[in-house]
Each structure stands twice: as structure tokens, then as C-alpha cells.
Amino acid sequence: MTGALQRFLPLIVTTAVLVVGFLICAAQFPNFASWRVVGNLLTDNAFLGITAVGMTFVILSGGIDLSVGAVIGFTTVLLAVLIEHGGWHPVPAFAVALVVAGAFGAAMGGVIHVFRMPPFIVTLAGMFIARGLGFVLTTDSIPINHPLYGELNDMALRFDFGLKLSLPALLMLGVVLAAVVLAHWTRFGANLYALGGNRQSAELMGVPVGRTTVAVYGLSGLLAGLAGIVFSLYTGAGYSLAATGVELDTITAVVIGGTQLTGGYGYVVGTFVGVLIQGLIQTYITFDGTLSSWWTKIAIGVLLFVFILLQKGLLTVWAGRGGEPAEA
Amino acid sequence: MMLSAPGPSRNLPQYGALLVVLLANWLLFPDFFAIRLQDGRLFGSLIDVLNRGAPVALLAIGMTMVIATRGVDLSVGAVMAISGAVAATMTGAGWGLPAVLAASLAAGLLCGLWNGLLVAVLRIQPIIATLILMVAGRGIAQLITEGQIVTFTSPALAFIGGGSFLTVPMPVVLTILVLAVTALLVRATALGLMIEAVGINRLSSAGAGVNTPVVLVAVYVWCGLCAAVAGLIVTADIRGADANNAGLWLELDAILAVVVGGTSLLGGRFGLVLSVVGALIIQAMNTGILLSGFKPEFNLIVKAGVLMVVLLLQSPTLTLFLPRPKGARPMGAVKPPVAPPPVAPKSGGAKP
Amino acid sequence: MTASTTPPSAPLLAIRGLSKAFLGVQALDGVDFTLRHGEIHALLGENGAGKSTLIKTLTGVYQRDGGTVALEGREIAPRGVEEAQRLHIGTVYQEVNLLPNLSVAENLFLGRQPMRWGLVDRGAMRRRARAILMPYGLSIDVTAPLGRFSVATQQIVAIARAVDMSAKVLILDEPTASLDAQEVAVLFKVMRTLRSRGIGIVFVTHFLDQVYEVCDSITVLRNGRLVGERRTDELPRFDLVAMMLGRELEAAAHRIDIGPAEVDSRPPLASFKGFGKSRSVAPFDLEIRPGEVVALAGLLGSGRTETVRLVFGMDRADQGEATVDGRPVRLKGPRDAVRLGFGFCPEDRKKEGIVGELSVRENIILALQARQGWLKPIPRRRQEEIADRFIRLLDIRTPDAERPIQLLSGGNQQKALLARWLATEPRLLILDEPTRGIDVGAHAEIIRLIERLCADGMALLVVSSELEEIVAYSRRVVVLRDRRHVAELRGGEVSVERIVAAIASETPNTEVRQ
């Protein structure tokens, strides 16, 4: 079974980092190993996790989406404007936001496919556009006071043993589960991996390249829209500067999660673990109190470097069973 | 089609665009070209464009050469923050200007070296390799400033941002200086040729004996140095280092400036002056939007529009139908589908 | 899965008068090709013969200009690889066109996965994948990524996919190019099994031994035309090579016998002992003396290009040693070779030779500049002098030296590449197919140039498919077959007949091992 071991090695290493990290935290801080901390970890990182799932799909297909943070920001503003200024009920506002975000992503996918432009630059322009549109709607931070927001925020799944899963956490878990099914139990998922493996071969084997490209960016936009809804629930406001830099955090989570940035290899679950590792580092620093916030960035940078090296090593010495990779 | 290096006629679109933007500003704001001398320093909107455009112009100079090798450097904004943090912190600790400048530039050089080694030796894709420093760099900058916005009062360092030399603001002087040194470095040596050769065809260049790893490391190091100078200017200008916000998103502006300047993201021929012109076009639009009373936020949409137009002009799908001196080179890593032998490229096609 | 075993009267595949032109160049000119049920049919020809055009026209990548293609008597005209597959024509290429990152099972079923309740039934996919691979003698972990397996295994998976998607005609395009002897044996077993099931196989290869081992019949193309179709057992090797190379052997040009020259007694400039690289070219010994043209002759894919790439360090040898001027040297990359005074004009000019967007001048001075280092730029005026001198000397047709080299014709690009190396005054110049794809005038000029350089004391190592050319300028010819050096002809021994005979000779030991 060394084959399977090797295949899942990045995932195993990532999970090991999370577990070891959690144990270190638990050993250091007496209150750490509690269901409350776990619940908060899931809630606080829900919007990041949902976005990262979309990013995973895009990266698996051999692309990248720099617009997700801006789309989240735009969505929160759109919701705030519709609900507070337009007097809409949140539910139709949610629907509109999802449609707009999805269509925005699909449009970028279309441009990438039709004009054969690098995804990096197209989604960069998308990022400018989405942020700009948000700014055009309003530059203020608008609080959303609709009663439904309070109700949704109070909604939670409570377990007897003490775990409380908030609505955002549940949404994220649901998205991750659905994404796993999509990646491994549908033809679309197989097509994504095929596209990321080798575009030309995929085309020769009958993968609908154009449709898949549009769909994957559309999906990423849609999930960024959903993350925007979660973010607006979480912060109770709409702000066009919300979620700046989230595209970087999600890309980092995807890489730490063991997905090849060049596409074709990786797992959604790994991304989920990658998001949790980032959250864990943040939680550790909050718990510590004396450690400064910048260590988060440095630690994540180091993790990023180690995992990129690990990927590189795995690709080049694929055959030979090397020594155990150093833990970060 | 590709607007490449020397020959003024080919560069008309860039200069024309700059002129159009400036004229538009003038129409909106008749005093736009008014320049006055005050306390031995020039003032006016036009000077303001030059002054504020300096950091992006500096980044664009370094970025141009990186992009010419078919790479990209996402870390320049973070490197700016690091060099600014080094300068402010050391000045605060009482070091003299020479030591401060040397240390800041050395920090930029080290960052560039790191990126270059990842790209040239470990052969990691440039976007990914420089992403590491983009993420960690701000943390490092904050580590240096210990999370504070470090302010200083040293007039010597502040001079770099706010002073003037022969009535010209120092940022403009420094940009011109860096531009001149860079141009000298690449055009008076064979480095420029090697950079273009590596960017166009790495395999052929290596086969001709070009030391490709050294060329790659060199461009990333230089890009780091340029970013360090930009970081110094920004820090000196605000008399403080803000590790969180110094140079934030400027890497994107720098890439945009290079693209507007006509250097292809696919590498090859590059024009340093044109990239600076690109940076000025962006800054002039910025100023124009501010002057015309629009919200500054419109800037982003305008930038996106400019980016898309320039890229569409370069898109292989569109240029397929136009006569084009470049061989039909596919965009990005995408190989063209199996097709009959390509048509022998037609001659001519310089942009009007 | 569907191949019927009762052979109907119509041939499986009948191509008649197939024509295809690209921009006025006739790539296929009225070619006939017939494939019968349960037959392995070799499609042979040298570069530009039209093999790949024939295959691509057959699989719908290109649309034919004229002629008919009939499958079991029914006319077909596929418009793409997919449609060809639906029409029962499957293709497997040398670089396996599957996806190394997907599992074996996913590769077999991409786009036609078994579904249950709207989801992919992974269990059924695995089971069916194992069942499909069973007849091929492959019992592998079908959930492992395809890229983890050897090229041979990947090829068999590709064949299995094509056959399972109901192929009656299977086109194997150089499947054995990167296989070792054992893997080839496995592949041949699979091919024979498929033949016994009535499937017709078109087999493209450069290895004559393999043709005689596994093929029932042979069709030879040359310059887009049909040379002939023969039963394998009725066609001696020598005749086959002659058909491929298009020699009227009795009329072949004879060189004036100058006898073994005295240069042989001089110490070699460069010598290679046991030099080789596994899966690329078998270890060889080679000596090159100043003022000598050593030619490498052989069919396409016989290891000629591989040999010169090792000599120049473009690929790194994994065995043997190299000495220059009697001193051992390391050839880790082209830079080492350039420092030793080597120059190399590669076969693939576009990909590895020219720097397309740079000017003719810049391309010409690039190697010289690289050797001097970037700190010592060649002054612009000197660059122009060098460029102008070579443009005149080699008669490079360009309006001026500032024209991007990619706008020049192939022959002029080739001459500019020659100029790039001549500017460095190399001691050993390596030319891989220097006259390929260039017009007749330039052709003759390059030959004259080679002779002149040799007379000036430069050593040349030349790969060429043009035997007359080789005979005209070379006193020493190394003949390669199946990736090994099989013969060396010197002085008076050099003749077209002898080269052809050496190419066609049987491998003395049947055990070809890498």
C-alpha cells in the first residue's frame, strides 16, 4: 500500500501538521482543547473555507482566481445596499448576490477561454472591477440590521458533548462535503482534474474544455458570493474593503492543503485542513497574547515555502521513496 | 503588433495615450499644466503626477525586466514594506543616513536574491515563488517595526521623500537616476540582450551558451533593489514606516504599468522608458479622476478597463486575424491544438 | 469489444487516392492504403513522407482535399479525433495522450464513467477497469495515477481505452520509441492478441527489426506519394531501406575514391568512450579529428540526434567519458561545450535554435556574446560588422540585419544559425540535419560551406538523411540503427550502397539490451 501512502502523502503531512499544531496548543494553553475553541475555529474561518473550495477547483483545473476577495467585498456591499437601502428581504437579496457573483466568475472564465488570456491577469482585472463596483455602490460600511440576520446568527446545531456549530460553520462543512462529491463522484470533477493535468490531452479525450473552464470560474465566483453572504452575517455589515487579501489566504490554504499550483493534483479536504491550519495559527497567537500578529504571516509564509518544496520534491523524486519530509 | 523597444514610431501609442490623458486633465482642470516655484521646489498638478507616480515607476522598472524573462514578481509591495521598515527603524535607532540606505538596499537585494534562487535554481514557477515573500514579507516588515507605525524625524532621510534637487522633487530625481542606471546596466552591457533572449526562448538561449540561471537571478535581484528604493521614498515621504500598508497592491500597479508600456507578459523585448510612461499614464488617470470630482474608487474600474483593452489587443485570438510580425506564439502555457503548419508570418504591422 | 472474427469481403480500411495540401505544398498525393481485418500493417517513410499527415487525415485532425476513405466498405469522413473514435478508429501516440495525474481507471473511463443515481460509480469503474486490462496481462492498481507506471504500461492502457471504445482500426504512432526491449516484447504480445481478435493495426515505427518481427505487410511512403505495398515476408530489408530512402541504387553517385587519408594518424580533437544514455542511445565510441567531417547516417529515430545532443551536452550522458585534446572533460550542459569550442545547430531550429523575435544580428552574435560574458558587450559597430560579414559570406537573404529572424525563410534561418557558431570560430561544429526543409539553392550553398570549413581545419559532426550529401563531403560515416552505432565506414568504403546495406543489416545479437 505504499502507492496509496505516496499518493496521499501531501494530505497526510498537512493533517499531521494540523494535529501536531493542535496538540502543541492544547499542551500550552489549558483551555485550548475545548469544543468551544473548535466551534469558533470553524465559524471564524467559514467564509475563508467556502472561498478556498472554489479556489481549489480553479487551481485543480490549472488556473487561478485573484478576484475572490473582491467578490466577497462586493457581495457584502450589494447585500447591505439591497437590504438597507432598497428595503429588500434578505432571502431574495441572497439569491441575487449568488447569481451576480456566479455570473461574474463565469464571464471571467469565458474571457479566459475565448481569448486565451492568462487566468492570472484576467482575474486580476476582475478583482479591480469587483472592488471598483463595490466602491461605486458605496464606500461606507453599512450595518445590516434586518431581523433575519439576528435569527440566522443565533441558529446553531448544538451537540450534547458541547460542540456548537453555527450556521456559517455548517455552511462551510456542507460546501466541503458537496465539493468532495463534486470532485470525485461526478464527470465534471474528473474533467477538472483532466484539464489541469494536460489541456491538450483532455481535449483529445473529449473533455469539453470551454464549458468546464466557464463552469469552474463560475463556481468559484458563486462560492465567493456565498462566502460574502457568510461574511456579511459574521460582521453584520457591508463594506467594500471587506476581505482584502483573502485571495492570498485562500491560495495559501490550497497550497498548504497539498494541491499543486500547476493543477491536476490535490484534494478539497486538504484545502479544508489548510484553512484550519491558518485558523489555528491565528488562534494560537490570540491565546498567547504576548505574541504579535505578524508571526501569523511569517509562519504561513514558512509553511507555504515548505509545502512548495515538498511538492517539488515529490514531483521530481516521485519514484524513489525518500526520507520522511521534515515537519514544518 | 507588439510595441517593443527602440524606435519612437512604434512607441506612439504609449506617448499618445499619456498625452491624451494629460490633455483630458487639462480640459477638466485648466490649471493642470501650471507649474510654480516655491521655496526652491516645483509645485503643480503635473509635478504631482510625476512625484506620486515615482514609486510605481520604480517598481515598474524592475518588474519590466522580470516580465521580460517571462516571469513576474508579486513580492515587490512586501519588499517595499521591508525596506521602509528597515530605514525607519534604523533611523529611529540613531543610525546615519549612509548606513540606513545601505541596509535598506541590502534588504531589497536579499529579497530579490531569494526570489531569484527559487525561480532559477529550484525552478519554481515565478508566480508561486514570489507569492511566498508576498505573504511572509509583510510579516517580516512588521517584525522589524514590531507592529508599530515607526515614525522618525531625521531630516536627512525625509529629504529623500520631500526634498528637491535643482527644484525637482527627490522622488522624481531618484526615479530618473534609477532609470538611467538600469538603462545603462542593461543596454551598455549585454545583459539586456540576454534577458530578452532568455524570455523569448530559454532553450535556444541555453543552447547558445547563455548562462540562464545567472540572468534570472540578476533580474529578480534588480527588481528587489528597485522595490527597496521605492520603499525608501514612500517611507521618507510619510516620515514613517507602515508595514501593513506601505506598497499595498502596488505590485499589481507595477504589472499594469509594464503591460501598458507594451512589454509582453510572455517575455521578450522590453522598454524601460515605456514602462515608466505606463506608470505615468496610470498616475495621470488617477489624478484626473480625483480632479474631476469622481470618487477615487473609480480608479480601479478604469484600471481594469485599461488592462483588459491592452490585453485584448495582445490576445492571440484577436491577433490571429491581424498581420503580425511575431510568430504565432500561444498565450500562457496553453499549447495550440494540432493544426496545419503555420502560415509564414507576414511582414510589417507596426502600429500606426 | 466488438471486433467481429468473421472477416467480411471488404477490407477493413480502404484509402484510395488520398490527397492533402498545405499552402500549396502537397503533403499527400493520391495515396492508397489498405488495411485488412486481423492485420498488423507497418506504415513507413522518412521525414516528410506523409505518414503523420495520413494519420491525421484519417483521424479527422485534417480534412482531406481529395480521395476516399472507406471503413468496411462504408465511406467515412471524421471531423475530429472523437468522431474518428466513434467511427471505430482509435489512435495511440508515442507520447501517450492520456492524463498522468488521473488514475488508470479514470483514464480508461474519462467522459464515459459508469453512473449510478447521477453520480460516478467508482466501484463499478474500478471493477470494469480491472476486467478491461485483464486480457492484456496487466494486473495493476487501477486507482493509482497513470503517471506512476512505465511508458509501456501507459501505452497499453491507452490501447485498452481505444479498443474498449470499440476500435476496429488501431493506429499506433511510434509506440515503441521510448520502450526497452522487454517492454517492446510485451507490447507486441498485446498487438498479436488484438490481431487475433480481428482488429487491424496501423503500426508506425522507425525500427526495422520490429517491422520484421511483428508486421504482416508494409506500406512505404515518400514525399507524400505511395512507393509501394508489400508483404513483409516478400520484401528483403535492403529493398525496404532502398524504398524508404528512394535510391536508384545502381545510379547512386559514387565519390572519387581518395583512399584512407593520413589525417587518421593525427590525435583526435575530441574522443568519446562508452558514451551513452540509457533509453536514448547505446554506449558508443567516437573520435573526431580536426579538418574531418564525420557523418552520422541512419533512419529517422536511429539515435543520430541523440548522439549529437550528448556530444554537445544538451542531454547529459549517464555513462562513458569524453576527452578533448586528450584531457578528460565534463559535458554537463551546452555552456561546457561552448567553452570547449563546440557549436551546435539543432534539428528543431524553431524550438532550440533561433530566438525568434530577436534580429538576425542579435541571433548571430548571441553565442559569441554568451562566451564573452555579459560584462564585455560586443560594441554595436562590431556586431554589425560581424552580422554583415556573415550575411554576405553565407548569402543570408534578409533586407537588413535588424529583421527579426523568425521572418526569414527556413534556409536563411539555418544559415544565420551557422553564422552564430562560425562567429565563435568553433573547433568542432555539430550540425543536425543542416539541409532539412530548405530550398535547393541554399542546400547547395550549405554543402559547399561544409566542405570549405572542413578544408580550413574545423572538425564537423553532421547528421543527415541525405545519403548522397554525406557521401559527397564525408570520409568517415558512422551508421546507426535502433539507437546503436552499428558500423563505421572510412575513406573508400563510403558509398550510398554500403550505408544502406549497413542500415538494413540484421542486428547480430537478437538480444537488444539498453
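**Sheet of chain C and the A–B contact**

In strand β2(C), F33(C) is the bridge partner of I15(C). The model is predicted; local features require pLDDT of at least 70 and side-chain atom pairs count only at pLDDT 80 or more, whereas totals for chains, interfaces and linings use all residues. Residues are numbered from 1 along each chain as its sequence is written, and chains are lettered from A and ligands numbered from 1 in the order in which they are written.

Strand β1 (residues 13–22) of chain C is joined to β2(C) by seven bridges, and the two run antiparallel. Strands (E, at least two residues) and helices (H or I, at least four) are DSSP runs numbered from the N terminus, and two strands pair if DSSP finds at least two bridges between them. An open sheet of four strands results, in the order β2-β1-β4-β5 (chain C), with antiparallel pairing. Because β2 (25–35) and β5 (74–75) of chain C each have a single partner strand, they stand at the edges, and one side of each is left without a neighbour in the sheet.

Between chains A and B, 38 residues of chain A are in contact with 38 residues of chain B (C-beta atoms, placed from the backbone, within 7 Å). Helix α15(A) gives the most to the side of chain A that touches chain B, with 12 residues.

The model scores ipTM 0.82 and pTM 0.81. For chain C, the mean pLDDT (the predictor's confidence in each residue, from 0 to 100) is 83, and 92% of the residues reach 70 or more.

Terms used. Two residues are in contact if their C-beta atoms, placed from the backbone, lie within 7 Å.
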